[in-house]
Amino acid sequence: MNLKPALICATLCSAVLPAFAADETPIGAAVSVELNTVKPSEDGCILSFLVVNGHPGPIDKVVYETVLFDSTGQVDRLTLFDFGTLPPARPRVRQFTISGLACEGLGKILINGASTCDAPDLGPAACEAGLLTGSRTNVEVQG
């Protein structure tokens, strides 16, 4: 039996897997909300978020009160983003279209807090305690 192909595969896989695993840093018992993309549309601006529930149990429904600031730092609007159900340790993407907003005019997003946090096994603070925010865009996200 020729072991060279198996040895080559094992070597390559061990070199690739740690890099992949390092990219998926555990977040602990918190919710992570990352602004992933900002895209213009005919109706306004589409915001795509990557959300991860790091808690051991599900969040049945979470709605965050969110403030959108323009590029000069002034409040443009206060709105509610319904992120729906968040199963534990499973990334979810949620999109919101903001009517009448030009994407290039959006400067910052502030998550004021959870107006709804339905997580019976985790308690009412599960959606806010240790909330992690981030952005892969030029729009800053704070929580």
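The following questions and answers concern Glu34 and an open sheet in a predicted model.

Visitor: Is Glu34 buried or exposed?
Guide: Glu34 sits within strand β1, which covers residues 31-40. Its relative accessibility is 15%, and since a residue is called buried when this value is under 20%, Glu34 counts as buried.

Visitor: With which side chain does the side chain of Glu34 make a polar contact of 3.1 Å?
Guide: A polar contact of 3.0 Å joins the side chain of Glu34 to that of Asn36, so that distance does not belong to the partner you are asking about. Leaving aside neighbours within four places in sequence, the residues in contact with Glu34 include Ser48, Phe49, Leu50 and Arg136. The polar contact of 3.1 Å is made with the side chain of Arg136.

Visitor: Which are the edge strands of the open sheet of 4 strands?
Guide: The strands of this sheet follow the order β4-β3-β6-β8, and their pairing is mixed. An edge strand here pairs on one side only, and this holds for β4 (75-86) and β8 (140-142). On average, and with direction ignored, neighbouring strands of the sheet are turned against each other by 25°. The edge strands are therefore β4 and β8.

Visitor: Which residue in β4 is the bridge partner of Val62?
Guide: Strand β3 spans residues 59-70 and runs antiparallel to β4, to which 9 bridges join it. For Val62, the bridge partner in β4 is Gly84.

Conventions:
Residues numbered from 1 in each chain as written. Predicted model: local features only at pLDDT ≥ 70, side-chain atom pairs only at ≥ 80, totals over all residues. Heavy atoms only, no water. Helix = DSSP H or I, 4+ residues; strand = E, 2+ residues; numbered from the N terminus. Buried < 20%, exposed > 50% of the residue type's maximum accessible area, 1.4 Å probe, protein only. Polar contact = N/O pair within 3.5 Å; in protein donor to acceptor, adjacent residues only side chain to side chain. Contact = heavy atoms within 4.5 Å. Pairing = 2+ DSSP bridges. Axes fitted to C-alpha atoms, helices over the stretch in contact; angles between N-to-C directions.
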